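Trainee: I would like to go through this model step by step, with a reason for each answer. Where should we begin?

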Amino acid sequence: MIEKKIFLSEKDIPKQWYNLMADMPTPVLPPLGPDGKPITPDMLAPVFPMNLIEQEVSTDRWIDIPEEILEILYRWRPSPLRRAVYLEKYLQTPAKIYYKDESVSPAGSHKTNTAVAQAWYNKQFGIKKLTTETGAGQWGSALSFACNLIGLECKVYMVRVSFDQKPLRKAMMQTWGGTCISSPSDKTEIGRKILKEIPDTPGSLGIAISEAIEDAVKDKSGETRYSLGSVLNHVLLHQTIIGLEAKKQLEIAGEKKVDVIIGCAGGGSNFAGLSFPFVLDKINGTKIDIIPVEPEACPKMTKGLFSYDFGDCAGMTPLMAMYSLGHGFIPPPIHAGGLRYHGMAPLVSQAIVEGLLAPRAYNQVKCYESALLWAKTEGTICAPETSHAIACTIDEALKAKEEGKEKTILFNYSGHGLMDLLGYERFLAGKLVPYVLSSEEIAVSIDKIKGQPKAEIRKSGKW
Ligand SMILES: *Cc1c(COP(=O)(O)O)cnc(C)c1O
């Protein structure tokens, strides 16, 4: 009989995070300040606590996970590794499909992994309040959950289109003691400015980030910091517990090798969390296809420019070397709110430049079709973001069938969709459009960042 769920005992939970910065064949380009020079850690101090800044710039390969963080993670970790036998059977594929089930966390996605870690490090540093942004509401929920357990105040700026589409997310944040505000809001200078210029804007993650940073740095008591749910090195680091657990679980399942790794990618954190420990294997010579999947409505990896660009709309963050559609880009209002971000994590971007990753894009109609097939075979209802990984997994499983190869596929089931049923309703009613952007629309936004410092393409040429 085939085991459908592979559990890891709590005592075998990974005790260290894996830092890909230590093993990148060519290092990530440094973030730049307003003067075009590399920033120093103290320049980030008004925004992040120093202990997290140290992690952000660390090149240590392994970083210990504090015991108190593990104590909280045990509530749902180690998460199960599952095998999608029912989907395999439906597709009649020789491929074995495994997935890491991050939907079992209290807030329903992988984001709780870094929320707990970030809240804990901020508390250690003496911080009393965190501000943040949220797209679909997953990150705001996760941080509210973590702040409540650790004893911090939490204020969330939620992208307006999602705030309107998903009102129950606000209730979720409030249940854990968080505050949730629709962004752009009249609470910040940048919010007021954008509301004046584009009163009916759907908002974007870039705008919400600007508002949350402005709010944090304006608190003169020095007791407020900002927290980001993706993109940054330390966030990706905290998520590597996913891939490290998966490695141990695949071994328990008797798998010697993985052929394909897949994750949806908004800012890159759940994808990186699952894949980075396997990227190390690839650097060391193992043959693996590693695929980050994005929406065709926000195609920074497949159609964006590798450039220095800001992480937010107002240009308050340092310039980061990354694949970007331009920081002013406002993506169409697709339901996968967590994938509506204009840039990709610098560490993931550099791995793409190296040729270690092979990004792909799907439109939301194809993704919802895949989500429905998943629900009808495996039974669970996935987050709209996760459906991008499932669409790619189905394609890869069908390719294995064509080739007659018994491949092993692993993907990240980043979250459940039980708070996102509006998107399903609209899809079922035939009201969703694919939202494929034209090259012209993309060019308009990218042209605006062409004056930014050039990000040099550096690669070893091995992949
Ligand atoms: C936020 C989110 C994503 C996208 O963010 P990443 O940082 O790219 O992982 C994907 N899936 C779910 C369920 C999310 O909540």
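Mentor: With a definition: two strands pair if DSSP finds at least two bridges between them. Keep in mind that this is a predicted model.

Trainee: Which strands stand at the edges of the open sheet?

Mentor: Seven strands form this open sheet, with mixed pairing, in the order 1-4-5-15-10-11-14. An edge strand has a single partner strand, so one side of it is left without a neighbour in the sheet. The strands in that position are strand 1 (5–6) and strand 14 (360–362).

Trainee: Inside that order, which residue of strand 11 is the bridge partner of Val-260?

Mentor: Strand 10 (residues 260–264) and strand 11 (residues 289–295) run parallel and are joined by five bridges. In strand 11, the partner of Val-260 is Asp-289.

Trainee: Turning to strand 6, is it largely enclosed or exposed?

Mentor: Burial here requires 20 or more other C-beta atoms within 10 Å of the residue's own. Five of the six residues of strand 6 (residues 129–134) are buried, so strand 6 is largely enclosed by the rest of the structure.

Trainee: Which residue of strand 7 does Thr-134 stand opposite?

Mentor: Strand 6 and strand 7 run parallel, with six bridges joining them. Opposite Thr-134, in strand 7, stands Met-158.

Trainee: Which residues have the most contacts inside the largest nonpolar core?

Mentor: That core has 139 residues. Leaving aside neighbours within four places in sequence, Ala-119 is in contact with Leu-130, Leu-143, Ala-146, Cys-147, Ile-150 and Leu-152. The residues with the most contacts inside the core are Ala-119, Leu-143 and Val-348.

Trainee: Leu-152 is on that list of contacts. Is Leu-152 buried or exposed?

Mentor: Leu-152 is found in the loop between helix 5 and strand 7. Not counting residues up to four places away in sequence, Leu-152 touches several others, including Asn-122, Ile-127 and Leu-130. With 25 C-beta neighbours inside 10 Å, Leu-152 counts as buried.

Trainee: What separates the C-alpha atoms of Leu-152 and Leu-319?

Mentor: Along the chain, these two residues are 167 residues apart. In space, their C-alpha atoms are separated by 29 Å.

Trainee: Now helix 7: which exposed residues does the face turned away from its buried side carry?

Mentor: The buried residues of helix 7 (residues 167–175) are Arg-169, Lys-170, Met-172 and Met-173. They cover an arc of only 160° around the axis, which puts them on the same side of helix 7. They pack against helix 5, strand 7 (153–159) and strand 8 (179–183). The face turned away from them carries Pro-167, Ala-171 and Thr-175.

Trainee: What residue with a positive phi follows helix 7?

Mentor: Its phi is near 90°. The residue is Gly-177.

Trainee: Is Val-231, also with a positive phi, buried or exposed?

Mentor: Most residues other than glycine have a negative phi. Val-231 has a positive phi of about 70° although it is not a glycine, and it is found in the loop between strand 9 (224–226) and helix 10 (233–252). With 26 C-beta neighbours inside 10 Å, Val-231 counts as buried.

Trainee: How does Tyr-435 count, and with how many C-beta neighbours?

Mentor: Tyr-435 is not a glycine either, yet has a positive phi of about 55°. Tyr-435 is found in the loop between helix 16 (421–428) and helix 17 (439–447). With 16 C-beta neighbours inside 10 Å, Tyr-435 counts as partly exposed.

Trainee: Where is Pro-78, which follows a cis peptide bond, found?

Mentor: The cis bond joins Arg-77 and Pro-78, and omega is about -10°. Pro-78 is found in the loop between helix 2 (67–73) and strand 4 (81–83).

Trainee: What is omega for the cis bond from Ser-183 to Pro-184?

Mentor: Pro-184 lies in the loop between strand 8 and helix 8 (189–197). For the bond from Ser-183, omega is near 5°.

Trainee: Last, the ligand: which helix supplies the largest share of the shell around it?

Mentor: By class, the shell has seven nonpolar, twelve polar and two charged residues, and Gln-138, Ser-230, Gly-266, Gly-338 and Gly-415 come nearest to the ligand. Helix 5 (138–150) and helix 11 (269–283) each supply at least two residues of the shell. The largest share, three residues, comes from helix 11.

Key:
Residues numbered from 1 in each chain as written. Predicted model: local features only at pLDDT ≥ 70, side-chain atom pairs only at ≥ 80, totals over all residues. Near = placed C-beta within 6 Å. Helix = DSSP H or I, 4+ residues; strand = E, 2+ residues; numbered from the N terminus. Nonpolar A, V, L, I, M, F, W, Y, C, P; charged D, E, K, R; others polar. Buried ≥ 20, exposed ≤ 12 C-beta atoms within 10 Å, placed from the backbone. Arc of directions from axis to C-beta. Contact = placed C-beta atoms within 7 Å. Core = buried A, V, L, I, M, F, W, Y, C linked by C-beta atoms within 7 Å.
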